[in-house]
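Walk me through the side-chain contacts in this protein. Start with the charged pairs, then turn to the rings.

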Amino acid sequence: MPMSVEENREIRPVRKKRKLRWGRLVFVLLVLAVLLTGAFWGTVWIYDNFINPPKVDVVGASDKITQNEKLNKRINILLLGIDDGDSDAAPDEPKRTDAMMLASFDPGDNKVALLSMPRDTKVQIPGRGWDKLNAAYAYGGVMMAKQTVANLLQVPIHYYVLVDWRAFIDVIDLIGGVDLYVEKDMYYEDPYADLVIDIKHGYQHLDGKRAGEYVRFRKDELGDIGRVQRQQKFMKAAAAQIFNIDTVTKIPALFSTVDRHVETDMNTLTMKAANSFKLFGDEKVKSGMLYGNFDDTEGISYWATSREEVQKSLDEVGIPYMKDDEDEQE
């Protein structure tokens, strides 16, 4: 005898609604992200190294330096910051560099050395004679800047990274600003450039604009030397913020900013290798500034250094260079 509709409804198994297991979903998404990331970087690696391999010549003061096995075990990168605020040059004229630094990576020991060079350092620029270091880029672009620094330090220069200050400001804003102890009141006003710097002494939260003012301020007794010291101090504070876990979600936006405002001859694989270093908060990182003294005997303010002071600077941060006696022996 067939069952009634009511009886059939009573014995039909009730299907329970399955709950979404968030732990399982997150795991699947993570695995998917890893696979996609691996596929992406694998494709990039093949393109960079087989389809479009990098063709970058090492720059040095001599062939002995560019071919020296010991010196070329490290990756030396010239970092250049473009002056766009306090330059007297017309918009269509070549810009001088506002900041210059050598970043030296040791892949074997995972060590990093940073050497800042004051922009007023007195150097011999090839084909131009004695001038300030920041004029090298204006005279001959990246290659002239590479060659001038290579001659000064007697080290090989493998790559360069050129950054404009817009990138600096955008990156600081993207990471939410930087907390920093400002060592003194900073005030400077230039009505012709529509510029006012007014930062108070003490702990401050600096957004991109104010951070740019802090690292570029030099209207005090130390001038450019004080600015170099503040730049190094700020870099460490900013790096701690960038590597914070809260910043991970902003990485795509950071890469987009870097892509718009940064020029380099490094290929993707090299940039990934350099980026894998533990840059800050580690005893393996050393930073310093090129030793020298103020010199205005010629009516122009220079940062004068000597061969002995250059070698002392490199020794303290651990960057190998071609010594005079080694050059004579070869």
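What follows covers salt bridges, one helix residue, aromatic pairs and a lysine over rings. The model is a predicted one.

Begin with charge. Side chains of opposite charge can pair when their charged atoms come close. Here the count comes to 10 salt bridges. Three of these pairs are described below, along with one network.

Take D98 and R216. They form a salt bridge, with 3.0 Å between the closest N and O atoms. D98 sits in strand β2, which covers residues 97-106, and R216 sits in helix α6, which covers residues 208-216. The two parts are 118 residues apart in sequence, so the pair ties together a strand and a helix from distant stretches of the chain. Is this pair buried or exposed? D98 has a relative accessibility of 2%, so D98 counts as buried. R216 has a relative accessible area of 18%. The cut-off for buried is under 20%, so R216 is buried too. The pair does not stand alone. R119 joins D98 and R216 in a network of salt bridges.

Next comes R230 with E183. Their side chains meet in a salt bridge at 3.6 Å, N to O. This pair also links distant parts of the chain, 47 residues apart. R230 belongs to helix α7, residues 223-242. E183 belongs to the loop between β7 (178-182) and β8 (186-190). The two partners differ in exposure. R230 is buried, at 5% relative accessible area. E183 is partly exposed, at 30%.

Now look at D198 and K200. Their side chains meet in a salt bridge, again at 3.6 Å from N to O. Where do these residues stand on exposure, buried or exposed? Neither label fits. Partly exposed covers the range between under 20% and over 50%. D198 has a relative accessible area of 38%, so D198 is partly exposed. K200 has 47%, so K200 is partly exposed as well.

Leave the salt bridges for a moment and go to Q311. This residue lies in helix α10, which spans residues 307-317. Q311 has a relative accessible area of 17%, which means that Q311 is buried. Which residues does Q311 touch, leaving aside those up to four places away in sequence? The contacts are Y321 and D324.

Turn to the rings. A search of the whole structure finds 3 aromatic pairs. One of them joins Y214 and F234. Their ring centres are 6.4 Å apart, and the planes meet at 45°, a tilted arrangement. Y214 lies in helix α6 and F234 in helix α7, so the pair ties together parts that are 20 residues apart in sequence. Both partners are under cover. Y214 is buried, with 0% relative accessible area. F234 is buried, with 2%.

Another pair is formed by F294 and W303. This one is edge-to-face, with 5.2 Å centre to centre and 80° between the planes. W303 has a relative accessibility of 7%, so W303 counts as buried.

End with K122. Over which rings does K122 lie? One is W130: K122 lies over its face, at 5.5 Å from the ring centre. The other is Y302, where K122 lies over the face at 5.2 Å from the ring centre.

Technical notes
Residues numbered from 1 in each chain as written. Predicted model: local features only at pLDDT ≥ 70, side-chain atom pairs only at ≥ 80, totals over all residues. Heavy atoms only, no water. Salt bridge = Lys/Arg side-chain N within 4 Å of Asp/Glu carboxyl O. Helix = DSSP H or I, 4+ residues; strand = E, 2+ residues; numbered from the N terminus. Buried < 20%, exposed > 50% of the residue type's maximum accessible area, 1.4 Å probe, protein only. Contact = heavy atoms within 4.5 Å. Phe/Tyr/Trp six-rings, centres within 6.5 Å; stacked < 30°, edge-to-face > 60°. Lys NZ or Arg CZ within 6 Å of the ring centre and 35° of its normal.
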